[in-house]
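Q: Please take a close look at a single part of this structure and describe how that part is placed among its surroundings.

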Amino acid sequence: MNPKVILTLWSFRKELKFVLIAFIAVLMLPVVAVILLTQVGINVISNKLVDQNPTNQAIQIKDPVTGKVVKEINPTIVWPTKGVITLEFGEMSIYQPFHTGIDIAGKLDDPVNPAMDGTVIYAGEIFWGFGKHIIIDNGNNIQTIYAHLDKIYVYKGQKVTTDSVIGGQGETGWATGVHLHFQVNVYGIPVNPRVFLGDGSPPLTALN
Ligand SMILES: [Zn+2]
């Protein structure tokens, strides 16, 4: 290259740095947008999908488009396992900017049960994300997910009730330590499990 060109470029080195920073910022825009959208989006949508009737505590399933209550249900709901809550819905973790479920940490193979009666529609393992997990269809467009399991005791198509033991707590997939990631989807979209579980705490795991 002509030494004059090199000299000219060198004299613009400060400006070039700004151009480079601006270029990187533009490249990052879609990433930032997706993070913002998933955070704000899920929050807004989930509030629209499900609620609790303040007078009779029934669970209200809402039309995702109009936000009108389409059904009120009164299922038997129990905590899906024992332990302490380590992460609430919507909180930030190293794996998700917006936590899509509630984490309950007990001991390895502490029994996991359905939070509501239903039918198993998935029982298997992926080697990332949820790891070994079970998905139960609870009817009324509600599905519950039980993730990071160490053991799975049910099969696809099996009918289960709140007293069935469906699996054991583990740390398969993206998990830092033994816990159950419990998620409730309504119309396929994660909603705050607290709408179903209430403000309380799960039973504590037995000591030993
Ligand atoms: Zn989780």
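A: What follows is an account of one strand, β13, and of the elements around it.

The model is a predicted one, in which local features need pLDDT of at least 70 and side-chain atom pairs count only at pLDDT 80 or more, while totals for chains, interfaces and linings use all residues. Residues are numbered from 1 along each chain as its sequence is written.

Strand β13 covers residues 180–186; strands here are DSSP runs of E of at least two residues, and helices are runs of H or I of at least four, both numbered from the N terminus. Seven of the seven residues of β13 are buried, so the strand is largely enclosed by the rest of the structure; a residue is called buried if 20 or more other C-beta atoms, placed from the backbone, lie within 10 Å of its own, exposed if 12 or fewer do, and partly exposed in between. Leu180, Phe182, Val184 and Val186 point one way from β13, whereas His181, Gln183 and Asn185 point the other way, and all are buried.

Several strands pair with β13, pairing being assigned if DSSP finds at least two bridges between two strands. Strand β5 (residues 102–105) runs antiparallel to β13 and is joined to it by three bridges, with Ile104 standing opposite Leu180. Strand β9 (residues 142–147) is also antiparallel to β13 and is joined to it by six bridges, among them one in which Thr144 has Val184 as its partner. Strand β14 (residues 189–191) pairs with β13 in the antiparallel sense over three bridges, and here Val186 is partnered by Ile189. The strands β13 and β14 form a hairpin with two residues between them, and Tyr187 in the turn has a positive phi of about 55 degrees.

The strand also contributes to the largest nonpolar core, which has 35 residues and in which Phe182 and Val186 are, with Val50, Ile134, Tyr146, Leu149 and Phe196, the residues that touch the most other members; such a core is a set of buried Ala, Val, Leu, Ile, Met, Phe, Trp, Tyr and Cys residues joined through C-beta atoms within 7 Å. At least two residues of this core come from each of β2, β5, β7 (118–125), β8 (132–139), β9, β13 and α3 (194–197). Leaving aside neighbours within four places in sequence, Val186 is in contact with Leu49, Val50, Ile61, Asn141, Ile142 and Val191, where contact means that the C-beta atoms, placed from the backbone, lie within 7 Å.

How values were computed:
Contact = placed C-beta atoms within 7 Å.
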